[in-house]
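Biologist: Got a minute to go through this model with me? I'd like to start with the cysteines.

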Amino acid sequence: MTEKVVIYTDGACRGNPGVGGWGALLCYGEHEKSLCGGAPNTTNNRMELQAAIEALRALQRRCRVELYTDSKYLQNGVSQWLDEWKRKNWKTTDRKAVKNRDLWEALDDLRARHDITWRWVKGHAGNRGNECADQLANRAIEKLSKL
């Protein structure tokens, strides 16, 4: 039986593009692990993707994952658009190159390693896990802003 992990992710950006941060809270039973990081010149969408990627990379074996995000871009991308983009050689329905392809490819590889249920949660609405991920993303921005 594979283990179940609940993950909350969030990305943030000061300016878009601008200084960005990502945060993730991983919950396994009574245990929690916080992750965060960022980039000096990025976009909010890249940070949303990076949060999910880093959270999934932290898992050391195959797991059942319930991943919560407040990003419709991430949730819709992974559950509705990704397979179609791959079929169309990484082109959108209007034949433009998919933005953030590097991160989508990394996420696609990681999603194949786990049994993931992708859930959308309203941001800034009092969900403890989402609020924690948001705080982690903003903490990363603060650290980068001081450099």
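Modeller: Sure, here is a quick chat about cysteines, a loop threonine and a helix. It's a predicted model, where local features need pLDDT of at least 70, side-chain atom pairs count only at pLDDT 80 or more, and totals for chains, interfaces and linings use all residues. Residues are numbered from 1 along each chain as its sequence is written, and side-chain values use heavy atoms, with hydrogens and water left out.

Biologist: How many disulfides does the structure hold?

Modeller: Zero, taking a disulfide as a pair of cysteine sulfur atoms within 2.5 Å. For cysteine 13, the nearest cysteine sulfur is that of cysteine 36, 15 Å away.

Biologist: And what about cysteine 63, which cysteine sulfur is nearest?

Modeller: That of cysteine 27, 13 Å away, and cysteine 63 is in no disulfide.

Biologist: Is cysteine 63 buried or exposed?

Modeller: Buried, at 4% relative accessibility. Buried means under 20% relative accessible area, exposed over 50%, partly exposed in between, with a 1.4 Å probe and protein chains only. Cysteine 13 is partly exposed at 21%.

Biologist: New topic: where is threonine 92?

Modeller: In the loop between helix 2 (72-87) and helix 3 (101-111); helices are DSSP runs of H or I, at least four residues, numbered from the N terminus. Threonine 92 is buried, with a relative accessible area of 19%.

Biologist: What does threonine 92 touch?

Modeller: Trp85, Ala97 and Val98, not counting residues up to four places away in sequence; contact means heavy atoms within 4.5 Å.

Biologist: Last one: which residues of helix 1 are buried?

Modeller: Among them are Met47, Leu49, Ile53 and Leu56, and also Glu48 and Gln50.

Conventions: Helix = DSSP H or I, 4+ residues; strand = E, 2+ residues; numbered from the N terminus.
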